[in-house]
Amino acid sequence: MDILNPSADREKAMEQIRHKLALLPDQPGCYLMKNNEGRIIYVGKAKVLKNRVRSYFNGSHDGKTQKLVSEIRDFEYIVTASNTESLILECNLIKEHFPRYNVLLKDDKSFPYLKITHEAHPRLEVTRRVVKDKGKYFGPYPNAYAAQETKKLLDRLYPLRKCNTLSDKVCLYYHMGQCVAPCEYPVEQAVYDEMVGEISRFLNGGHTEIKRELKRKMEAAAEELEFERAREYRDQILSIEALMEKQTINMADAMDRDVFGYSTDKGWMCVQILYMRQGKMIQRHVSVFPYYGEAYEDFLSYVTQYYSDNPALPREMLLPAPPEAGAEQQQAPDDAVAQSSSAALTEAAIGESNEADHGEDDEAAEVGDSLRRWLKIKVAVPRRGSKRQLVAMACDNSRVALEEKFRLIERDESRTVKAVDGLAEWIGIPSASRIEAFDNSNMQGASPVSAMVVFTNGKPDKKEYRKYNVKTVQGPDDYETMREVVRRRYERVLKEGLTLPDLIVVDGGKGHIASVSDVLVNELGLDVPVCGLAKDAKHRTAQLLVGDPPEVVPLPRDSQEFYLLQRIQDEVHRFAITFHREKRGKSMIASRLDSIPGIGEKRRKQLLSHFGSLKAIKEASIEDFKQVSIGEALASRILETLNAE
């Protein structure tokens, strides 16, 4: 690579790309875009590789796609036998390489599932980890609350064990009727099979049938004058009804389906998923993220990643049509809402002919067919009727969510800018765009450190943060520590020609301000405004002090300016104390090992490098020490000393 002439380097790379473009095949497959370091920055799929890859280097693009294209220096491609294979391959390549310009979904770690464990005494639990352990998974649920509420109901209906390990006596759950107590009483496998079957039926949408069975049992108990048991059945029925009451949108066919919609604006995409179980909408999930490729392709990439590790698939998935065919659907959702109620009644009669089958050459049908072949579920791109109305609802909600995000960003930015300008006005300085704040941390003078954070236009600029090991100060002298660190910071700023701050904030009062001002003015010849943040008895930000001599600035405690100062003080305190804990932890380990005769600095580093931690050293055997050339006598002494402590 020609470092001195990057334009020549780019021209050379483009010449190579032009040669490779001429050799692209007319086949489906995946392409991998690389930057000048050879790192994969984007993965895409194509029905015809030649057409799709060439489109990146011909014609004009929007801002975000242009940014991607400007970094491409090479590409590779992999030919596949079908569009289905390219769909799966794209998903796997994204998960392997994590390209910076692809949509990256943290799928199985983001969503909770209900799981029936595969054990001799099964349990029902909420989990975010999906593993192949023969357990039964149901979900995903859009949030932990939805999963926990469903679990609470099922715990009352079906008394599977609750404890992780069997104890030697029954627990409270047994007395509440929510556990069969296998720890003390034998439980037939048939009992477990029946409960697992009932739970599976419930979670797969069989609420009505289970409610009907409970009603029959309630009436039978009442006839036998067992009113307590009848009341239990009645409460269980009411619990089911209460859970299902929240499900306000219904479909006549009682099918489990996921409904997808998406919207894009200003280089951002919002995907909305409506979860329908037994024909009723129970929850929704919203994801907002930047995208860099073609909108519909990145949307499908999100869908494939979402389902790639999902063990609990619905019976049907509803997707919006590609932009060319579905622009009207996404832009005019009100038209779908205006459908007459007869559409819902005729939906079953319409069937698949109007929803999933639009001809062999239709792009929507091709997308659905690829997903259907891979996931082995029904995939529809509805054109009319109540299913199209659901997709339009998901698209409309995604558009509203995206607009709301931009409004919040604008409001937050507006507030932050006003707070910065207002703070400068209160202090009497031209600007407070760049603020540098300092704080010290030590424990009775031990392991003293200091830290600096930077706020640019009211926002933390973390790449500018700095940590300082205090070198010249002995004991807990906060003023001298502040003098040393400020001197070191601004000597370097002057030497390297770095940007000076508009305002320096110190965590302290009049003494701290005086110490910092003395170094800046009398030693370095700098005229930078300094303010101090004094705390009250409860260690909360209480006063802003400015001037020489320092005076209190009467900032209202409920103002945005005061809130900004609180954030700055909390952030510099967090950064300093975290650094101090790290340093103190290392010094404690070092001192404990150094106190053992026969252990010097070299052996201490060798031990920590080999074992990784003090805990691992304590748990090691004498034989383990031979790997770091330590004999039995010294190994015994190390273990005796550490374990005695």
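The following dialogue examines how several descriptions of this predicted model are justified.

Visitor: How many helices and strands does the protein chain contain, and what share of its residues counts as buried?

Guide: The chain comes to 23 helices and 19 strands. Of its 645 residues, 47% count as buried. Among contacts between residues at least 6 apart in sequence, 62% join residues at least 24 apart.

Visitor: Why is Glu125 called buried?

Guide: The relative accessibility of Glu125 is 19%. Buried means under 20% relative accessible area, so Glu125 falls in that class.

Visitor: Where is Glu125 found, and which residues does Glu125 touch?

Guide: Glu125 belongs to strand β5, residues 124-127. Leaving aside residues up to four places away in sequence, Glu125 touches Tyr113, Leu114, Lys115, Thr117 and Lys151.

Visitor: What makes the pair Glu125 and Arg123 a polar contact?

Guide: The two side chains make the contact at 3.2 Å. The cut-off for a pair of N or O atoms is within 3.5 Å, and one atom must be able to donate a hydrogen and the other to accept it. The value of 3.2 Å between the side chains of Glu125 and Arg123 therefore meets the distance criterion.

Visitor: How do you know that β4 and β5 pair?

Guide: Strand β4, residues 113-116, and β5 are joined in the antiparallel sense over four bridges. Pairing requires at least two bridges, so four bridges satisfy the requirement. As one of the residue pairs, Ile116 has Leu124 in β5 as its bridge partner.

Visitor: Which strands are the edge strands of the open sheet that holds β5 and β4?

Guide: The order is β5-β4-β6, with antiparallel pairing. The edge strands are β5 and β6 (136-138), each of which pairs on one side only. From one strand to the next, the twist averages 30 degrees.

Visitor: In the sheet of order β2-β1-β3, why is one side of β2 and of β3 left without a neighbour?

Guide: This is an open sheet of three strands, and the pairing is antiparallel. β2 (40-46) and β3 (74-79) stand at the edges with a single partner strand each, so one side of each has no neighbour in the sheet. The twist here averages 20 degrees from one strand to the next.

Visitor: What makes β1 and β2 a pair?

Guide: Six bridges join β1 (residues 29-34) to β2, and the two run antiparallel. Since at least two bridges are required, the six bridges qualify β1 and β2 as a pair. Tyr31, for instance, has Gly44 in β2 as its bridge partner.

Visitor: Which helix packs on this sheet?

Guide: Helix α4 (residues 83-97) does, touching β1, β2 and β3. The direction of α4 makes about 170 degrees with that of β2.

Visitor: Why are α4 and α11 called roughly perpendicular?

Guide: Helices α4 and α11 (residues 295-308) pack at about 75 degrees, with axes 10 Å apart. The class roughly perpendicular covers 65 to 115 degrees, and α4 is therefore roughly perpendicular to α11.

Visitor: Which residues make that contact, and how are they classed?

Guide: From α4 come Leu87, Glu90, Cys91, Ile94 and Lys95, and from α11 come Ser301, Thr304, Gln305 and Ser308. By class there are three nonpolar, four polar and two charged residues.

Visitor: Why does Tyr292 count as buried?

Guide: Tyr292 has a relative accessible area of 14%. With the limit set at under 20%, Tyr292 is therefore buried. Tyr292 is found in the loop between β9 (280-290) and α11. Tyr292 and Asn102 are 190 residues apart in sequence, with 7.0 Å between their C-alpha atoms.

Terms used
Residues numbered from 1 in each chain as written. Predicted model: local features only at pLDDT ≥ 70, side-chain atom pairs only at ≥ 80, totals over all residues. Heavy atoms only, no water. Axes fitted to C-alpha atoms, helices over the stretch in contact; angles between N-to-C directions. Contact = heavy atoms within 4.5 Å. Buried < 20%, exposed > 50% of the residue type's maximum accessible area, 1.4 Å probe, protein only. Parallel < 35°, antiparallel > 145°, perpendicular 65-115°, else oblique. Nonpolar A, V, L, I, M, F, W, Y, C, P; charged D, E, K, R; others polar.
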